[in-house]
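Good morning, colleagues. Please look at the structure on the screen while I go through its overall form and then its charged side chains.

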Amino acid sequence: MDLLKHLNEPQKQAVIHRDGPLLVLAGAGSGKTRVIVHRIAWLINHHGVRPWQILAVTFTNKAAGEMRERVDKLLGGIETPQIATFHATCVRILRREIGRLGFGSNFVIYDDKESERLLKDVIIEQNIDEKKYPAKAFAAAIDECKNAGSLPEDLATGDQMAERLVRVYSAYQERLKKCNALDFGDLLLFTVRIFEEFPEVLEQYREKWQWLLVDEYQDTNPIQYRLVRLLAGERRNLCVVGDDDQSIYRWRGADIRNILDFERDFPGVTVVKLEQNYRSTSNILKAAGAVVARNRGRKAKTLWTENPAGEKIFYRRLEDERAEARFVCREIAAWRRNGGRLSDVAVFYRTNAQSRSVEDALVADGTAYHMVGGMRFYERMEIKDILAYLKVIDNPADEISIKRIINVPPRGIGHATVDRIGELAAARKISFHEALLEAGSSGILGSGPRGKVAAFTGLLEEIRESAARLSLAELAEKVMSDTGYLAKLKDERTAEAADRVANLEELLVAMEEFTSDDQEEVLSRFLEQVALVSDLEKNTEGRESATLMTLHAAKGLEFPLVFIIGMEEKLFPHVRSLEDPEQMEEERRLCYVGMTRARERLFITNARRRRIFGQDQFNQPSRFIADVPGEFMDIEGGGYENRGLFSGEKAPFSGHNLSAVFSAEATAPVEVELVPEYEESGVFIGMKVRHAKFGVGTIRKIEGSGDEQKVIVWFNSVGPKKLLLRFAGLERV
């Protein structure tokens, strides 16, 4: 096989490079994986390198598997070099060498949950208030230390919090050692320790792996950087491939300086730039390039393509997030009417909480979707927890929901107590809730468990009594507050906890948007809607579907049609980045990553008004939109100016401004024709109908027959409603 036949000149240059350090700056869609696999095959076939002398590392098992498969095909069945993730490579080393650190070679690897449980034990032993200093917060801090390559003795102890961290970190490591266990951070940290403390071991592995290749080098953190430098040694036969413009994981510990400073760290390096893009249209590529070019901390490069110019980037400013979601649905429908596949479509957003309005709109339209790197909104743990509380308030007999929340957040009611209450319910043939009330006021339980059960039932009763005078959102807010659920999340002080809090805030927005014709039963009606949403979602499983994901999850993927929603100041760029220039540059890189996922069509949207954290926000369009020259944009509402985009701030770029768009009205809803699945009693699935109160909607489900026939209609205004057909007064649209 001619390994160079289908490569462009820079790709060939990277593949045939022989000795010494090589930096391959691989722009989006420029064929970096092809370069890596062809370089491995070239080293073996043309330079006489033995397969076992090559080590290639990447970040995901999926990427490693794809790389191995492609190398196997090129090599034609001869031995394949080691191609694995950083962690898998280190596990292989540690199985042989970890005895030097006092561990057995049969060590176990604790996942995040197991590590957290061990940390909780340590916190108790250290007499630290776990409510005030939760295990998750310590876990995040310790993980950050390990990513930076720091052991407990390496940390400064200038204040009380730092000393507390050192104490917990030290005790945690001791407990891990007693268990002959390592967490994920230890895998790299201990490998580096062995190499640095036992030079003879390092020399063995340098001799073994004389040629190193590192994929996605821009995502390496300090401990990975140290590992790579140690293995490279004096031979320096190190090839790193990456793109500083796609460095978007600073919050995980990735350090962009690793790739920016590579030429300083490895003098005499050969630098190859892969600038030809094979993915996107020219307009999309130039627009994305204009955005990332505003960053100062980057290697100079300009992507180009032989692909057609294609359509301009479509920018639309809608009235609110619901109008934005409906617009996305209409454009997806238009794409499909014109022959596009639903699997070609992706919707990106900055935060997980933004998915809710889009999910609701897609379900209303009967459009199948799936989520990458996240759960559907109503399936997320924190949402299900709060909904479980509300279900118990609405229906105390709901045993499943009671058992879900009885110790969430932790209140000292363990499995043994729950089992004892269940046994009482079975013996007395009463509901679990009735048994719970009895257990809290009788001698069935010991005094400790009895008091905790009584406090729990008292809390539920107090919330239930206030339900009648509170709105739906106020009731949910009271649940989050009085149970301590929200406070516990905020105390964790982790990125994951912050996302969960944002999701709960979005749940409150959904409740505020919900309207019911029966205000006395509004809680029951809302819970019914959520159940119907879940039921309708199940009908989409196994079908071709659109993809929803955060911008971070989109890296490495591509789609013919892409929507980036919520392009507003404080949302994207995120509010946390506004005062931090480094974070702002990462937000801009994230925008670049999102834009370059699109192959043919790219939509950018935002809203004049958006409900965030329970308040209406009127955010200006994202500054990243103003970075795009007007010649590449299709803007609804007219011309380009450069005054007034950012209040009290000079516009950052003289290309164009979108102030004219501010007054443009959102496009009126367009009804989409659906193909009827079957007819019964004059109605059918997909039928458009009008209700005197709820307005226009679509029949999604039909139940029963005759006078008892019911229909589930998804109304544009209020979502799903179950109606008795003979009393509904529906008119066909």
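For a chain of 733 residues, a compact globule would have a radius of gyration near 27 Å, and the protein has 29 Å, so the two agree. I should say at once that this is a predicted model. The C-alpha trace spans about 80 × 70 × 55 Å along its principal axes. Within that trace there are 27 helices and 24 strands.

How much of the protein is buried? Buried residues amount to 56% of the 733. As for contacts, among those with a separation of 6 or more, 72% are between residues 24 or more positions apart. The exposed surface comes to about 32200 Å², and carbon and sulfur atoms supply 48% of that area.

I turn now to charge. The protein carries 104 positive and 113 negative side chains, and the centres of these two sets lie 2 Å apart. In total, the structure holds 59 salt bridges. I have chosen three pairs and one network for discussion.

The first pair on my list is Lys-12 with Glu-9, whose side chains meet in a salt bridge at 3.4 Å, N to O. Both residues belong to helix H1, which covers residues 9-16, and because they are three residues apart there, about one helical turn separates them. Is this pair buried or exposed? Lys-12, at 23% relative accessibility, counts as partly exposed, while Glu-9, at 56%, counts as exposed.

The next pair is Arg-316 and Asp-634, which form a salt bridge with their closest N and O atoms 3.7 Å apart. Arg-316 lies in strand E9, residues 313-318, and Asp-634 lies in strand E17, residues 633-635; the pair therefore ties together parts that are 318 residues apart in sequence. Arg-316 has a relative accessibility of 12% and so counts as buried. Asp-634, by contrast, counts as partly exposed because its value is 29%.

The remaining pair is Arg-350 and Glu-587, where the closest N and O atoms of the salt bridge are 2.8 Å apart. This pair also links distant parts of the chain, with the two positions 237 residues apart: Arg-350 sits in the loop between strand E10 (345-349) and helix H15 (355-365), and Glu-587 sits in helix H25, residues 581-595. Which accessibility class does Arg-350 fall into? With a relative accessibility of 13%, Arg-350 counts as buried. Glu-587 counts as buried too, at 5%.

Beyond single pairs, there is a network. Salt bridges that share partners join Lys-32, Asp-215, Glu-216, Asp-219 and Lys-555 into one network.

One member of that network, Asp-219, leads to my last residue, Ser-247, since the two are in contact: leaving aside residues up to four places away in sequence, Ser-247 touches Gln-218, Asp-219, Ile-256, Glu-586 and Arg-589. Where is Ser-247 placed? Ser-247 is found in the loop between strand E7 (238-242) and helix H11 (257-260). Its relative accessible area is 1%, so Ser-247 is buried.

To close, I would return to two points. The radius of gyration of 29 Å agrees with the value for a compact globule of this number of residues. Among the 59 salt bridges, the bridge between Arg-316 and Asp-634 ties together parts that are 318 residues apart in sequence. Thank you for your attention.

Methods: Residues are numbered from 1 along each chain as its sequence is written. Side-chain values use heavy atoms; hydrogens and water are left out. Helices (H or I, at least four residues) and strands (E, at least two) are DSSP runs, numbered from the N terminus. The radius of gyration is taken over C-alpha atoms; the globule rule is 2.2 Å times the number of residues to the power 0.38. Buried means under 20% relative accessible area, exposed over 50%, partly exposed in between (1.4 Å probe, protein chains only). Contact means heavy atoms within 4.5 Å. Accessible areas come from the Shrake-Rupley method with a 1.4 Å probe; for residues, only the protein chains shown count as cover. Lys and Arg count as positive and Asp and Glu as negative; His and the chain ends are not counted. The place of a charge is taken as NZ of Lys, CZ of Arg, CG of Asp or CD of Glu.
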